[in-house]
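Subject: Structure handover and findings

Hi,

Here is the structure I promised to pass on. Please open it alongside this email.

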Amino acid sequence: MATVPMIEALGAQCGTMLAVSLHATRDDLRYKLVPLNRKYPIERLIAACRDYPGASNARRMTFEYVMLKGINDTPAEARALVRLLKGLPAKINLIPFNPWPGSPYECSDWATIERFSDIVFAAGYASPVRTPRGRDILAACGQLKSETEKVRARARLMAEEG
């Protein structure tokens, strides 16, 4: 099975620690959240991670996992994540989702995030929860792009109206 070639090249040429935007444990969901998953499905991605040069407990890879209310935040999903990453020297950064006006997603509530983190931690993985900053002014991770696109669209509309 071919893996993800640039991950292998990165490890061989640069020797950097690896960070992966995972966000889901199933291809059907990850296709929606991370469109690149269509080219490199989870099985191939995890295989590339397992083969990553230099990975060890001292040089753990990081998996980013955004917490989406009712989408990927259940205890069953936490256990699936642990199964998926079993044996990999890794930590999982749990990221509270930063909503923006019109977003189809909501952030998981704090108790849900903590329960998810507890399951992952009990399995032996560090699972820090990123502290959200800038939400109130739509300047948090994921919000700036949305606001910039709205400004560009508004400018285009004004130019067309003229």
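Below is what turned up, from the overall layout down to single residues.

**Overall layout**

Keep in mind that this is a predicted model. The protein has six helices and three strands. From the N terminus, the order is α-β-α-α-β-α-β-α-α. The chain has 162 residues, and 39% of them count as buried. Contacts reach far along the sequence. Take those between residues at least 6 apart: 73% of them join residues at least 24 apart.

**Helix 1**

Helix 1 covers residues 5-13. Its buried residues are I7, A9 and G11. They pack against helix 3, residues 42-50. After helix 1 comes G15, with a positive phi near 65°.

**Strand 1 to helix 2**

H23 sits in the loop that links strand 1 (19-21) to helix 2 (27-33). Its phi is also positive, near 65°, and H23 is not a glycine. Is H23 buried or exposed? Its relative accessibility is 13%, so H23 counts as buried.

**Helix 4**

Helix 4 spans residues 75-85. Buried here are E77, A78, A80, L81, V82, L84 and L85. Note that E77, a glutamate, is on that list. The partners of these buried residues are helix 3, strand 2, strand 3 and helix 5. G87 follows helix 4, and its phi is positive, near 90°.

**Helix 5**

Helix 5 runs from 110 to 122, which makes 13 residues. From first C-alpha to last it reaches 18 Å, close to the 18 Å expected at 1.5 Å a residue. T112, I113, F116, S117 and V120 are its buried residues. Why do they line one face of the helix? Looking down the axis of helix 5, the buried residues fall within an arc of 135°, so they share one face. The cover over them includes strand 2 (61-67), helix 4 and strand 3 (90-96). The face turned away from the buried side carries D118, F121 and A122, which are exposed. F121 is worth a look there, as a phenylalanine on the exposed face. Just past helix 5, G124 has a positive phi of about 105°.

**V129**

V129 lies in the loop between helix 5 and helix 6 (143-161). It has 25% relative accessibility and therefore counts as partly exposed. Which residues does V129 touch, leaving aside those up to four places away in sequence? They are L94, P96, W110, I113 and S117. Two of these, I113 and S117, are among the buried residues of helix 5. L94 and P96 fall within strand 3 (90-96). Y65 is 64 residues away along the chain from V129, with 9.7 Å between the two C-alpha atoms.

**The cavity**

Next, the empty space. Rolling a probe the size of a water molecule over the atoms shows where such space is left. How many cavities of 30 Å³ or more does the whole structure hold? The search finds one. The largest cavity holds about 40 Å³ of space. Its lining is made up of T16, M17, L18, Y52, P53, G54, A55, R59, R60 and M61. By class, that is six nonpolar, two polar and two charged residues. The two arginines in the lining are R59 and R60.

**The second largest pocket**

The second largest pocket has a volume of about 210 Å³. It is lined by 13 residues, of which V4, I7, R30, L36 and L45 are the closest to its centre. Helix 1 and strand 1 each supply at least two residues of this lining. Strand 1 gives the most, with three. The lining divides into ten nonpolar, two polar and one charged residue. I7 appears twice in this account: it is buried in helix 1, and it is among the residues closest to the centre of this pocket.

**Where to start**

I would open the view on helix 5 and its buried residues T112, I113, F116, S117 and V120. Then move to V129 and its contacts, including W110. Finish with the cavity lining, from T16 to M61.

Best wishes

Terms used
Residues numbered from 1 in each chain as written. Predicted model: local features only at pLDDT ≥ 70, side-chain atom pairs only at ≥ 80, totals over all residues. Heavy atoms only, no water. Helix = DSSP H or I, 4+ residues; strand = E, 2+ residues; numbered from the N terminus. Expected span 1.5 Å × (residues − 1). Buried < 20%, exposed > 50% of the residue type's maximum accessible area, 1.4 Å probe, protein only. Arc of directions from axis to C-beta. Contact = heavy atoms within 4.5 Å. 1 Å grid on protein atoms, 1.4 Å probe; cavity = no way out; pocket = protein on both sides within 12 Å on 5 of 7 lines; lining within 4 Å. Points joined across faces, edges and corners; volume = space filled by probe spheres on them. Nonpolar A, V, L, I, M, F, W, Y, C, P; charged D, E, K, R; others polar.
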